[in-house]
Amino acid sequence: MTGQPSPFKSYFGRLSFIHKAISISATGVTAVLFFLTNGGNTPAGAPTNSPIMLYILSFALLSPAVIYMVVVRKLTESAKAAASPAVKAKRYQVALLVLWAGLEGGTMISAVLGFINKNPWFFIPAILLIAVLLRAFPSKAKMQNDLALSQEEMDEIEKEANAL
């Protein structure tokens with residue numbers, strides 16, 4: 001056993017682990033469903049693009065945007081207004097989890113619709129949502145920028161996380 005600390009003892013270590021798990025699950029399910037639709041090589045006329053499926057796909061694409069604009073922004077503003085760095089960190093973590101869950105949900109809905117319809121075009125939104133999810137990786141710089149934290153506050157957050 002090495003003397004290195006566990007990545008779970010770090011605030012960003014835990015967030016990174018959760019982000020990776022969500023990203024891997026969304027990517028894995030999308031890939032499996034894509035290849036189960038005959039690798040995207042469906043015979044002519046096989047895709048069924050009913051209007052209800054297109055409405056559901058639209059919902060799957062708009063819901064992460066609405067979640068971000070309404071919920072995540074309010075949670076981030078709430079985190080900024082908190083008094084202690086520990087409370088700011090917890091509220092920011094909730095905001096990130098809500099954002100990632102919305103992106104993962106939209107990805108899953110899009111991938112399932114592509115599987116049900118046997119239409120490879122339905123997988124494109126899933127891939128785009130995965131790209132946005134991967135771009136939403138947690139980092140100290142993003143947190144410091146989003147919450148307007150000083151270096152002392154960042155150090156206090158890490159110190160409290162290491163004490164767990």
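This is a short chat about helix packing and the largest pocket in a predicted model.

Q: Before we start, what should I know about the model and its numbering?
A: It's a predicted model, where local features need pLDDT of at least 70, side-chain atom pairs count only at pLDDT 80 or more, and totals for chains, interfaces and linings use all residues. Residues are numbered from 1 along each chain as its sequence is written, and side-chain values use heavy atoms, leaving out hydrogens and water.

Q: Cool. At what angle do H1 and H4 pack?
A: About 165°, with the axes 10 Å apart; H1 covers residues 11-36. Axes are lines fitted to C-alpha atoms, for helices over the stretch in contact, and angles run from 0 to 180 degrees between N-to-C directions. So H1 is roughly antiparallel to H4 (over 145 degrees counts as that, under 35 as roughly parallel).

Q: Who makes that contact on the H4 side?
A: Phe123, Ala126, Ile130, Leu133 and Leu134 of H4. Contact means heavy atoms within 4.5 Å.

Q: And how do H1 and H3 pack?
A: At about 5°, axes 9 Å apart, and therefore H1 and H3 are roughly parallel to each other. Among the residues in contact are Leu15 and Ile18 of H1 and Trp100 and Phe115 of H3.

Q: Switching topic: how much space is in the largest pocket?
A: About 410 Å³. A pocket is an open set of points on a 1 Å grid over the protein atoms alone, where a 1.4 Å probe fits, with protein on both sides within 12 Å along at least five of seven lines. The volume is the space filled by probe spheres set on the points, which are joined across faces, edges and corners.

Q: Which residues are closest to its centre?
A: Tyr68, Val72, Tyr92, Leu99 and Asp146, out of 18 lining residues (lining means an atom within 4 Å of a point).

Conventions
Helices (H or I, at least four residues) and strands (E, at least two) are DSSP runs, numbered from the N terminus. Angles under 35 degrees count as roughly parallel, over 145 as roughly antiparallel, 65 to 115 as roughly perpendicular and the rest as oblique.
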